[in-house]
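Got the model open in your viewer? Keep the selection box handy, and we'll hop from stop to stop.

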Amino acid sequence: MGADKAGGEAGGVWGGAKAFSRQLRSQQCGVVLGGIGTGGLELWDDGHFRVWQIFNNGTWTGWTGAGFRTSDEHFPASGLHFALSTHSPDGRGIWKLQMPDHRAGRWIEEIYHSPELRFPQSIDYRARQPFAHLTYELENCPVEADLEAFTPLVPHDLDASAWPVAEFRIRLGNRTKRRVEATLAASLANVVEGFASAWARPHQIIHDQDGLTLHFPAAPADPSPAAGSMALTVTGETGELSYLPKWQAIGVNHAMFWGQLLAANRLGGDESKPAKLTELCARAKAFGWNTQDGLSRLSEAQRQELADLVAGFPDIEILRERIPLLAHADADDPRTRRDAMLEEVLITLAQDVGPFFGSVARTVALEAGQDATVQFVLTWRFPNHVMVNTGWGQVEKGVDAFDPADCLDPNLAQHMTQPGQRTAVGHWYERLGKDAAEIAGAYLARADNLHDRSADFITALHDTTLPDWLADAINDQFTSFVANGIYDRQGRFALWAGCGGCGFTELGNTFFSTFLTNVLFPDASKAQLERLARFQARDGRMPHLLCDFNSPSGHYEDDNLKFILKVYCDWTWTGDQAYFETNWPRAQRVLEALRRLDFDGDGIPDMRGYNQDYDQWMMFGLGIYYASHWPTVLRVMAKMARWAGQKQDAEGWESEAQQAAAVIEEKLWNGRWYSLYADAQTGRRDDSILANGLLGEWYARVMGLERSLNAKRVRSMLRAIYEHNRTPGVGLRNGWLPDGLDREAGLRDWHWNVCWMGVEYETASHLIYEGMIDEGLTVARESFERHINHGLRTNHFECGEHYIRAFTVWTVLIALAGLELDAANRRLRIVPVYKPADFRSVLLLPQGWGVFQQRLNSPQGGQVRIDWKQGELSLQRLELCRPASQVTVDGRQAPFATEAEAIIPTEALNLKPGQRLVVDLT
């Protein structure tokens with residue numbers, strides 16, 4: 001295989017900006033291994049694999065009723081682990097490549113039965129999703145060892161990013177002056193359901209051209225969510241492969257594995273062991289044996305047949321300590337002794353005494369100074385994925401007819417009246433192979449290609465002149481695609497707002513996440529909204545969630561504002577005309593529904609308590625949160641109307657936007673900031689500061705739209721937010737109450753006094769857009785570092801884990817890059833505001849990705865370069881910081897005209913993978 005070469009070249013992922021490593025706090029999270037929509041497992045900085053979601057666990061499905069199991073309850077600690085054994089002229093040693101974890105409950109097995117077992121002194125852990133790199137400090141070990149864990153993540157290619165795979169490349173280096181023989185063994189617990197007991201679950205060993213595979217096959221026709229198959233493969237063109245198909249991590253059997261590996265530097269397996277276990281259990285059950293009646297139902301011939309199977313069972317020593325034969329030692333009748341032994345064996349096999357492990361290994365001989373890389377691949381196939389309706393809402397009268405096939409839950413209408421019913425949706429990855437072993441073979445044929453494509457992108461993200469921590473903060477959000485993603489067997493994609501929490505395809509957070517999902521997987525981002533939009537109510541309003549209809553009944557009205565803004569962003573960034581034509585009529589209906597929320601006649605929708613994203617913080621009347629959306633929504637509608645040829649509507653909406661802005665300035669400006677709300681009905685005014693109260697203005701800056709509100713006042717409010725809502729070194733709270741304001745009025749709950757990471761990143765980018773670059777970077781960094789301090793660097797809690805509101809971190813990068821995109825008109829603007837004299841960053845767009853670099857001479861001149869890597873970028877207008885004197889593509893001049901700092905090519909600039917665009921600046 002190509003693992004040795006590819007593993008050696010993986011250092012590019014860790015080049016460029018300094019990797020965020022050796023953190024001050026141990027992290028209670030890590031890189032999430034697994035493809036999008038496959039479930040995942042986290043590799044933590046102690047070397048342990050935790051939070052296994054591959055078994056269709058409850059939190060991932062929305063299932064918290066009877067039979068719910070968390071990932072930790074399903075999969076044992078150390079259920080996947082690596083062992084290193086070395087033989088050299090200086091002696092022998094064996095190491096488990098994880099830190100000791102007494103919480104695992106098996107520590108006594110390790111220290112009592114296997115005292116020779118050693119552990120790393122420390123582990124240096126580096127995380128760049130989807131890569132993790134662990135360097136082990138192994139005391140008195142003749143070789144050094146480091147592990148690269150990886151799962152494919154390829155922008156714009158959802159299928160390539162949806163493999164149920166975790167790949168491990170472990171490098172060994174001999175730094176002694178003498179030859180060392182080393183064995184790396186990987187062990188996996190069998191928790192595949194569907195068999196009578198852990199003893200009876202079959203373990204298969206498959207030899208093929210890829211290497212050696214330990215396979216836990218699926219039970220036939222088992223409908224349970226945790227039924228499926230797992231495989232663990234070790235590859236190898238050189239060195240010796242060995243295996244131990246079945247062993248138990250209890251007592252002497254724990255010592256059997258570690259002792260054998262230490263003594264022989266090999267694993268010695270017998271493929272007949274699992275087969276005989278299965279045969280024994282199946283035969284006993286067929287004879288009518290059960291734990292209550294014992295052997296009383298079995299004939300003498302049946303008892304003898306079972307005893308013969310036990311006698312030929314090579315692992316009988318596993319059971320010996322559990323078989324109290326001493327009580328029958330004086331029995332003269334050999335059949336009495338036989339029956340006592342047989343009954344104890346069968347009772348033991350009937351108990352759930354697992355898990356049983358299987359192991360595969362590769363042995364390599366390392367000369368002085370030599371390195372070698374051993375590749376392991378974990379694959380799985382658990383097809384019985386279900387989605388469960390939460391029962392939060394009911395389908396109400398007035399919802400348009402819909403096609404259930406357009407929802408992830410094909411029985412949506414039925415579920416709305418039967419909350420909690422489970423419906424199988426399966427996984428896209430089922431088509432990759434009939435079982436986990438077949439998937440492993442298919443993956444290995446593509447492994448190097450998928451690895452390199454993923455590594456190229458992650459390298460570009462981190463090889464930047466932007467702050468090191470910002471690249472890490474962006475990268476950390478990629479974990480949410482694995483932790484939250486659903487990619488069902490029909491190829492439909494959607495995200496939880498937070499894994500198992502606060503709703504599925506929740507419209508508000510679908511909006512906040514759109515800036516990142518649109519550039520990583522634009523087709524999936526659009527399709528997610530399309531499915532939700534099919535359930536638009538007759539009155540025009542949109543549902544809050546997929547499979548929930550609280551929104552048409554009057555809750556979360558701001559979802560309707562965000563729907564229009566997301567449609568415009570999707571269309572503008574992708575240039576998808578068909579998407580526009582489908583959603584433009586929907587947007588017009590939404591707008592009319594929003595008009596009906598204007599109860600005081602000021603031209604702006606009113607707030608009515610909890611009916612918005614801050615659903616535990618009451619706001620009334622003319623509230624800045626809705627109000628700042630409204631002029632931007634009207635301007636967006638005007639732009640789409642002009643595209644659709646509706647000039648008169650466009651002019652009307654533009655006029656309304658101006659009038660709405662004037663109302664906001666008159667009624668909400670208090671001299672320093674825009675007040676939280678002013679309620680005409682009660683006369684109450686609240687001068688609290690809402691951290692993202694200017695969301696509509698922020699969106700306008702991200703999208704390159706003109707302002708609606710007074711620029712000086714907007715900056716004044718942002719300075720007030722930075723001064724009052726922020727606790728230095730901690731973060732930015734959602735709300736701030738001026739001194740003297742009634743804090744006991746019952747109008748606030750905990751939402752106002754907490755930090756939401758997505759709001760912090762949104763505010764940070766808005767500060768940057770308004771010229772407060774240092775302040776914006778400070779807010780973003782404090783949020784990032786707070787999560788590190790709490791041990792949650794890659795897991796962002798809000799309502800559920802891996803909350804996708806934090807995807808707004810992407811707007812911090814595009815604010816610093818001064819990036820605007822109008823794909824509908826093939827226009828791209830890049831005018832960096834952060835260190836513009838020497839600026840380099842990944843250029844990630846819905847059309848593909850490349851690397852942008854700008855170098856400026858003072859006071860004039862310089863050069864811009866775009867190295868395009870993937871997809872095709874077609875431009876009719878490119879706006880830069882200075883006029884151009886020359887444009888070349890791969891060294892060939894491209895004729896152009898100029899308009900201020902804009903380049904207008906005579907023919908469209910079409911960049912394809914591998915091409916370089918160079919612009920010389922005057």
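Start by selecting S765: is it buried or exposed? Its relative accessibility comes out at 0%, and since anything under 20% counts as buried, S765 is buried. Bear in mind throughout that you are looking at a predicted model.

Show the ribbon around S765 and you'll see that it sits in helix 23, which covers residues 757-769. Now bring up what it touches: leaving out residues up to four places away in sequence, S765 is in contact with W698, T811, V812 and A815. Turn on side chains for S765 and W698, and you can draw a polar contact of 2.7 Å between them. While you're here, pick L813 as well. L813 is 48 residues from S765 along the sequence, yet the two C-alpha atoms are 7.9 Å apart.

**Next stop: the aromatics**

From W698, widen the selection to F511, F512, F515, W573 and Y699; with W698, they make up one aromatic cluster. Zoom in on F515 and W573. How do their rings meet? They pair edge-to-face, with 5.9 Å from centre to centre and 65 degrees between the planes. Colour by helix and you'll find F515 in helix 15 (residues 507-520) and W573 in helix 17 (residues 558-574), so to speak two distant parts of the chain, 58 residues apart. Both F515 and W573 are buried. If you want to go hunting for others, the model holds 37 aromatic pairs.

**Out into the core**

Stay in the cluster and click Y699. Beyond residues up to four places away in sequence, Y699 touches F511, F515, L565, Y568, C569, T632, V636 and L705. Y699 is also one of the residues with the most contacts inside the largest nonpolar core, alongside F168, M230, L378 and I564. That core has 246 residues. Which helix gives it the largest share? Select residues 624-643: that is helix 19, and it supplies twelve core residues. Another core lies apart from this one; it has 13 residues, and you can find it by selecting F287, W289, L309 and L346, which are among them.

**Strand 8 and its neighbours**

Select residues 143-150 for strand 8. Seven of its eight residues are buried, so the rest of the structure largely encloses this strand. Add strand 7 (residues 131-137), which runs antiparallel to strand 8 and is joined to it by six bridges. To see one of the bridge pairs, pick H133 and its partner in strand 8, E148. The two strands form a hairpin with five residues between them, and in the turn N140 has a positive phi of about 60 degrees.

Now add strand 9 (residues 165-174). Strand 9 is antiparallel to strand 8 as well, with eight bridges between them. Here, A145 has L172 in strand 9 as its bridge partner.

**Two open sheets**

For the first sheet, show strands 5, 4, 10, 15 and 14, in that order: these five make an open sheet with antiparallel pairing. Its edges are strand 5 (91-96) and strand 14 (240-248), each of which pairs on one side only. From one strand to the next, the twist averages 20 degrees. Further in, look at strand 10 (residues 180-190) against strand 15 (residues 356-366), an antiparallel pair with eleven bridges. S187 and S359 in strand 15 are bridge partners.

The other sheet also has five strands and is open, but the order is 30-31-36-40-39 and the pairing is mixed. Where are its edges? They are strand 30 (819-822) and strand 39 (896-899); each has a single partner strand, so one side of each has no neighbour in the sheet. Ignoring direction, neighbouring strands here are turned by 15 degrees against each other on average. For a parallel pairing, select strand 31 (residues 827-830) and strand 36 (residues 877-879), which share three bridges. One bridge puts R829 together with E879 of strand 36.

**Last stop: helix 11**

Finish with residues 436-444, helix 11, where seven of the nine residues are buried. Highlight A436, A437, I439, A440, A442, Y443 and L444 to see the buried ones. Then look at the start of the helix: a side-chain oxygen of D435 reaches to within 3.2 Å of the backbone nitrogen of A437.

Notes: Residues are numbered from 1 along each chain as its sequence is written. This is a predicted model: local features need pLDDT of at least 70, side-chain atom pairs count only at pLDDT 80 or more; totals for chains, interfaces and linings use all residues. Side-chain values use heavy atoms; hydrogens and water are left out. A nonpolar core is a set of buried Ala, Val, Leu, Ile, Met, Phe, Trp, Tyr and Cys residues joined through side-chain atoms within 4.5 Å. Buried means under 20% relative accessible area, exposed over 50%, partly exposed in between (1.4 Å probe, protein chains only). Helices (H or I, at least four residues) and strands (E, at least two) are DSSP runs, numbered from the N terminus. Contact means heavy atoms within 4.5 Å. Two strands pair if DSSP finds at least two bridges between them. Axes are lines fitted to C-alpha atoms, for helices over the stretch in contact, and angles run from 0 to 180 degrees between N-to-C directions. A polar contact is a pair of N or O atoms within 3.5 Å; within protein, one must be able to donate a hydrogen and the other to accept it, and residues adjacent in sequence count only if both atoms are side-chain atoms. Rings of Phe, Tyr and Trp (its six-membered ring) pair if their centres lie within 6.5 Å; planes under 30 degrees apart count as stacked, over 60 as edge-to-face and the rest as tilted.
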